[in-house]
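Let's take a walk through this model, from the whole chain down to single side chains. Keep the structure open as you read.

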Amino acid sequence: MDESWLQYEPDTKKHSTFYAGQITKLWRKYSFQTIFLGLSLLYDFLEWAGKDNGNLGTKIRYWRDVLFCGCVLPFTLFVSSMFWTVYAIDRELVFPKIYDDVIPWWFNHCVHTNILVVLALETLLQPRRQPTDEKVEVTIYWSVALMYAVVYYTIYFATHRWLYQVFGVMTWWQVCLYQLWIWGSSFVFYKLQFPINRLIHGDESQEIPEANGETKTGEQVMSPKEQSGKVIMDLKTPPFSTRSWSVKFRSLRSQFESSRL
């Protein structure tokens, strides 16, 4: 009997664990990210068609923002920061060199770097100064966090192999502390997004000084058509600062089209 194939068994096991891990991560990351992108695209179509304030548009906007704040942003930031931090310390714990034989070098950047760029663009273009529905967002967050923990602990108890090798160098009490740190740090990302968003887009209740000394809130500021033909160039000036990016640029375009220039 030719038993030469046995020498490849360890590598086969590693590859099998890797593929199982990637499938699990892709399910976790791209399932809710795909749903979020789909809702965003659908809402933009409604917004450009002027139907975003209807019942359907309101529901789509609600679930889009709830999903982004409660799931997409905190887990994306945690996954990217954790992966590259551990990779810089000891890549064997998250992406062993043996995987280079079957996975191209750019794969990690597509999965763990590119998503940060998209997240930054979304944060810069879409104001989310406060939680849309904090109770629902927190519920979604903990549901995904607990469900994913159940997945990789189930894989360990079923196969006696950790989905992430970083767990393999820890004792059980260290694993428990590390798991608490995973949940805690991800939740901190959830909480931090709102003050950071306010720094970028300004406070929604910020008062605007007037020439006569009186003040007006963002909701009380005159619309572009009431500005006597004056074109507002600063997109941070209300009412632009309280609108999404697509409406901002659509309104700015209409100002130029109706200007006296």
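The accessible surface of the chain comes to about 15,600 Å², and carbon and sulfur atoms hold 64% of that. Bear in mind that this is a predicted model. Of the chain's 261 residues, 41% count as buried. Looking at contacts with a separation of 6 or more, you'll find that 70% are between residues 24 or more positions apart.

What is the chain built from? It has seven helices and two strands, and going along the sequence they come in the pattern α-α-α-α-α-α-β-β-α.

Now go to helix 6, residues 172-201. Does its length add up, or is it off? With 30 residues at 1.5 Å a residue, helix 6 should span 44 Å, and its end C-alpha atoms are indeed 44 Å apart, so the two agree. That said, helix 6 does bend, by about 30° at Leu 192, with a proline, Pro 195, following within four residues. Just past the helix comes Gly 202, which has a positive phi, near 85°.

Which side chains of this helix are tucked away? The buried residues of helix 6 include Val 175, Tyr 178, Gln 179, Ile 182, Trp 183, Tyr 190 and Phe 194. Polar residues turn up in that list as well, among them Ser 185, Ser 186, Gln 193, Asn 197 and His 201.

Two of those aromatics are worth a stop. Tyr 190 and Phe 194 both sit in helix 6, four residues apart, which is about one turn of the helix. Tyr 190 counts as buried because its relative accessibility is 1%, under the 20% cut-off. Phe 194 has 6%, so it counts as buried too.

Aromatic pairs are a theme here: the structure holds 28 of them. Take Phe 167 and Tyr 178, whose ring centres are 5.4 Å apart with the planes at 75°; that angle is over 60°, so the pair is edge-to-face. Phe 167 belongs to the loop between helix 5 (134-159) and helix 6, while Tyr 178 is in helix 6, so this pair ties together parts that are 11 residues apart in sequence. Both Phe 167 and Tyr 178 are buried. Tyr 190 and Phe 194 make an edge-to-face pair as well, at 5.5 Å centre to centre and 90° between the planes.

Step back and you can see Phe 167 and Tyr 178 as members of a cluster linked by ring pairs. Its other members are Phe 78, Tyr 148, Tyr 152, Tyr 153, Tyr 156, Phe 157, Trp 162, Tyr 164, Trp 172 and Trp 181.

Rings also meet charges. Arg 128 lies over the face of Phe 68, at 4.3 Å from the ring centre.

Another arginine to look up is Arg 91, in the loop between helix 2 (55-90) and helix 3 (107-112). Is Arg 91 buried or exposed? At 15% relative accessibility, it counts as buried. Beyond its neighbours within four places in sequence, Arg 91 is in contact with Val 86, Pro 96, Lys 97 and Asp 100.

Finally, swing round to Ile 35 in helix 1 (residues 9-48). With 49% relative accessibility, Ile 35 counts as partly exposed, since exposed would need over 50%. Its C-alpha atom is 8.4 Å from that of Arg 64, a residue 29 residues away along the chain.

Definitions and conventions: Residues numbered from 1 in each chain as written. Predicted model: local features only at pLDDT ≥ 70, side-chain atom pairs only at ≥ 80, totals over all residues. Heavy atoms only, no water. Expected span 1.5 Å × (residues − 1). Bend = angle between axes of the 7 residues up to and from the residue. Buried < 20%, exposed > 50% of the residue type's maximum accessible area, 1.4 Å probe, protein only. Phe/Tyr/Trp six-rings, centres within 6.5 Å; stacked < 30°, edge-to-face > 60°. Lys NZ or Arg CZ within 6 Å of the ring centre and 35° of its normal. Contact = heavy atoms within 4.5 Å. Areas by Shrake-Rupley, 256 points an atom, 1.4 Å probe, with all protein chains shown as cover.
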